[in-house]
Amino acid sequence: MEAEIKMNINTLESTSTHPALLGSLSPSVAPEKVINFSPGPTSLPKAVEKQIAASFNNSGFTSLALSHRAPEFLKILNHTLATIRKVMEIPDNYELLFTHGGGHGQFAALPLNLCHHHSDTATYVVNGTWSARGRDEAQKYCNVETIDGKDKRTGNYTNFPVLSEADIDPQSKYVYLCSNETVNGIELHRLPKLPESRRHIPLVVDASSDFTTKPIDWQGDGVGVLFACASKNIGHPGLTLVVIRKDLLGKDKASPLCPGVFNYTINSEAGNLWNTPATFNIEVVGFLMDWLERQGGVVANERRCIAKSQVLYNVIDNSNGFYGTPVSNKVLRSRMNLPFNIKGGDQQLTDKFLIKCWERGMVGLRTLTPFGVGDYLRASLYNGVTEEQATSLADFMRCFANENG
Ligand code: PMP
């Protein structure tokens with residue numbers, strides 16, 4: 001792995017390939033002109049980034065150097081927890097936990113916490129890369145049943161399957177879904193209701209790439225656990241937020257094999273301080289939540305997310321096929337991650353597009369992922385991207401299509 005990383009850096013320094021085509025995020029424009037469309041980690045809103053920078057100029061310690069048991073940090077921790085609860089309207093019967101290990105940590109933590117026995121069943125709705133990855137990890141720890149949303153004709157994930165009673169074992173410990181498939185660009189703008197006879201089963205939601213961008217009806221939708229790795233909409237890598245309904249906690253609920261750092265009950269009883277939490281990252285999430293509150297909260301944020309994505313989908317849909325996007329069902333199109341290709345994936349034009357974007361400071365549209373380069377470019381429009389910035393990309397896409405169509 002280390003060798004692989006070195007190779008990428010060396011490639012960037014020595015090759016004649018244009019840096020834009022290697023996924024470089026450092027175009028030769030003034031820093032304030034750079035627009036980061038990366039799928040995460042990515043930039044936070046400018047005001048939040050300024051607040052982070054200012055925290056380093058304060059005299060005294062930054063939260064990077066604060067003991068996690070010091071009163072100064074406890075104040076930060078309590079503030080962050082309280083503002084998340086307020087902004088996301090999380091009821092009192094839910095606990096908020098910060099964990100290490102990212103989204104992948106939660107892929108393992110979920111079955112280990114909610115399935116006491118290896119033979120317990122969990123139902124996974126798989127409609128994209130990340131729900132598939134969550135399901136694959138869970139298979140190590142419990143009996144998994146899958147509701148597969150793959151399009152049988154194309155072999156691609158472009159839809160969300162119907163959740164029918166027949167497909168959900170009534171004994172299932174939970175039903176798992178991903179509310180925004182970051183790679184595939186499929187989003188549930190509201191959580192689905194389980195069939196009436198299955199509403200006793202807690203819903204588990206991977207909201208890593210859409211948390212804070214729309215309201216959640218916690219009780220009404222039967223949310224049992226929701227988790228979000230921080231590095232897209234709310235902060236930096238190294239921190240994951242878990243929201244868990246308190247009746248799912250309890251001494252003997254988890255598998256005896258569940259590691260302490262992942263055990264929801266242990267961490268809840270220890271007030272998020274069973275081991276050393278990511279102190280600085282927690283403070284940053286607090287800054288972000290304060291910002292969201294100042295911007296009018298989650299409902300106003302959803303309006304912004306709709307507007308940002310709409311300007312881009314409009315360009316794609318009105319381009320007479322110059323641009324394509326894989327999810328034709330508009331109800332499921334992601335507002336967070338917009339996959340698009342150029343003339344059906346024309347390599348030369350795509351490279352030209354990426355270089356021209358990079359020269360204008362627009363970066364992160366093609367990133368390297370563990371799943372390869374992928375057929376589509378992707379514009380990610382998290383909280384760090386403004387409406388004006390989304391419009392800049394849309395304007396450029398329109399011009400590019402006119403010049404090259
Ligand atoms: N779930 C979703 C929806 C994601 O987008 C990602 C990361 N891109 C993950 C899980 C995995 O998170 P991590 O890399 O923090 O393990």
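Two exercises on this predicted model follow, each with a worked solution.

Residues are numbered from 1 along each chain as its sequence is written. In this predicted model, local features need pLDDT of at least 70, side-chain atom pairs count only at pLDDT 80 or more, totals for chains, interfaces and linings use all residues, and side-chain values use heavy atoms, with hydrogens and water left out.

**Exercise 1.** Work out the strand order of the open three-stranded sheet, and state which strands stand at its edges.

*Solution.* Begin with the pair β11 and β12 (residues 337-342), which run antiparallel and are joined by two bridges; strands are DSSP runs of E with at least two residues, numbered from the N terminus, and two strands pair if DSSP finds at least two bridges between them. Within this pair, G324 has N341 of β12 as its bridge partner. The order of the sheet is β11-β12-β14, with antiparallel pairing. Because β11 (323-324) and β14 (377-380) each have a single partner strand, they stand at the edges, and one side of each is left without a neighbour in the sheet.

**Exercise 2.** Determine where the largest pocket lies with respect to domain 1 and domain 2, and describe its lining.

*Solution.* Domain 1 (28-45 + 298-404) and domain 2 (51-294) both give residues to the lining, so the largest pocket lies between them; the domain bounds come from an automatic or database domain assignment. The lining has 35 residues, of which P39, G40, P41, W130 and K232 lie nearest the centre of the pocket. A pocket is here an open set of points on a 1 Å grid over the protein atoms alone, where a 1.4 Å probe fits, with protein on both sides within 12 Å along at least five of seven lines, and lining residues have an atom within 4 Å of a point. Two or more lining residues come from each of α4 (102-114), α5 (129-138) and β9 (223-229), and the largest share, four residues, is that of α4; helices are DSSP runs of H or I with at least four residues.
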